[in-house]
Amino acid sequence: MDVGVESYGGGLRKVARVVLLDPDDRILLLHGHEPDDRADDWWFTPGGGLEGDETREQAALRELAEETGITEVELGPVLWRRKCSFPFAGRRWDQDEWYYLARTTQTATRAAGLTELERRSVAGARWWTCEELTRAHETVYPTRLAELLRRLLDEGPPARPEILDTEIV
């Protein structure tokens with residue numbers, strides 16, 4: 001789930017997300033929660049909504065830098081696309097998300113560019129192996145991420161973006 005821009009006013013929000021892998025094929029996920037309920041939590045890929053006239057690629061790199069401090073990134077193709085709808089911070093968010101593959105050797109994270117809402121709802125970041133993700137009992141979005149990551153690592157990026165099932169929470 002995305003915990004981005006406070007100015008979101010409804011409608012279908014264009015979002016760019018990053019499936020960031022390190023040299024050991026670990027994926028970076030952020031740990032989010034409802035601003036007023038840390039027990040209502042989940043893990044999600046970095047990313048967020050487009051601002052102004054930026055492209056999805058520009059948004060992916062900007063959001064990654066803001067949320068993780070990671071700027072040494074090789075941005076790859078769009079892996080997956082999905083539409084989702086979820087409640088967060090007292091409103092419903094409807095999003096059209098594109099997931100970009102990215103690689104980095106920079107594994108230290110520093111969330112220096114978070115919005116006020118993100119500061120109240122992001123508890124940190126963690127690198128996960130595919131095996132850890134498969135065994136995880138925590139909520140992870142998209143919900144099939146472990147399976148999608150395994151296929152990505154085994155087969156490489158798809159020839160064209162895979163359309164994931166719509167998720168409505």
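Biologist: How many helices and strands are there in the protein?

Modeller: This is a predicted model, so keep that in mind throughout. Walking from the N terminus, the elements go β-β-β-β-α-β-β-α-β-α-β-α-β-β. Tallied up, that gives 4 helices and 10 strands.

Biologist: What is the radius of gyration of the protein, and how does it sit with the globule rule?

Modeller: The C-alpha trace spans about 40 × 35 × 30 Å along its principal axes. For 169 residues the globule rule gives 15 Å, and the protein comes close to that, so it is as compact as a globular protein of that length. The radius of gyration is 15 Å.

Biologist: Among contacts between residues at least 6 apart in sequence, what share joins residues at least 24 apart?

Modeller: One example of partners far along the chain is Phe86 and Val169, which are 83 residues apart, with C-alpha atoms separated by 4.8 Å. For the protein as a whole, the share of those contacts that join residues at least 24 apart is 71%.

Biologist: Is Phe86 buried or exposed?

Modeller: Phe86 sits in strand β5, residues 74-88. Buried means under 20% relative accessible area. Phe86 has 1% relative accessibility, so it counts as buried.

Biologist: And Arg119, buried or exposed?

Modeller: Arg119 belongs to helix α2. Its C-alpha lies 9.9 Å from that of Glu67, a residue 52 positions away in sequence. The cut-off for exposed is over 50%. With a relative accessible area of 54%, Arg119 is therefore exposed.

Biologist: What percentage of the exposed area do carbon and sulfur atoms supply?

Modeller: Of the 169 residues, 46% count as buried. The protein exposes about 8100 Å² in total, and the part supplied by carbon and sulfur atoms is 47%.

Biologist: How far apart are the mean positions of the positive and negative charges?

Modeller: There are 22 positive and 33 negative charges to place. Take the mean position of each set, and the distance between the two is 2 Å.

Biologist: Which element has the lowest mean pLDDT?

Modeller: Overall the mean pLDDT is 89, and 94% of residues reach 70 or more. Helix α4, residues 145-155, has the highest mean among the elements, at 97. At the other end, with a mean of 75, is helix α2, residues 116-121.

Biologist: Over which residues is the pLDDT below 50?

Modeller: That stretch does have 42 contacts in the model beyond near neighbours in sequence. Still, where pLDDT is low, the predicted coordinates should not be read in detail. The stretch below 50 is residues 1-8.

Technical notes:
Residues numbered from 1 in each chain as written. Predicted model: local features only at pLDDT ≥ 70, side-chain atom pairs only at ≥ 80, totals over all residues. Heavy atoms only, no water. Helix = DSSP H or I, 4+ residues; strand = E, 2+ residues; numbered from the N terminus. Rg over C-alpha atoms; globule rule 2.2 N^0.38 Å. Buried < 20%, exposed > 50% of the residue type's maximum accessible area, 1.4 Å probe, protein only. Contact = heavy atoms within 4.5 Å. Areas by Shrake-Rupley, 256 points an atom, 1.4 Å probe, with all protein chains shown as cover. Lys, Arg positive; Asp, Glu negative; His and termini not counted. Charge placed at Lys NZ, Arg CZ, Asp CG, Glu CD. pLDDT = per-residue confidence, 0-100.
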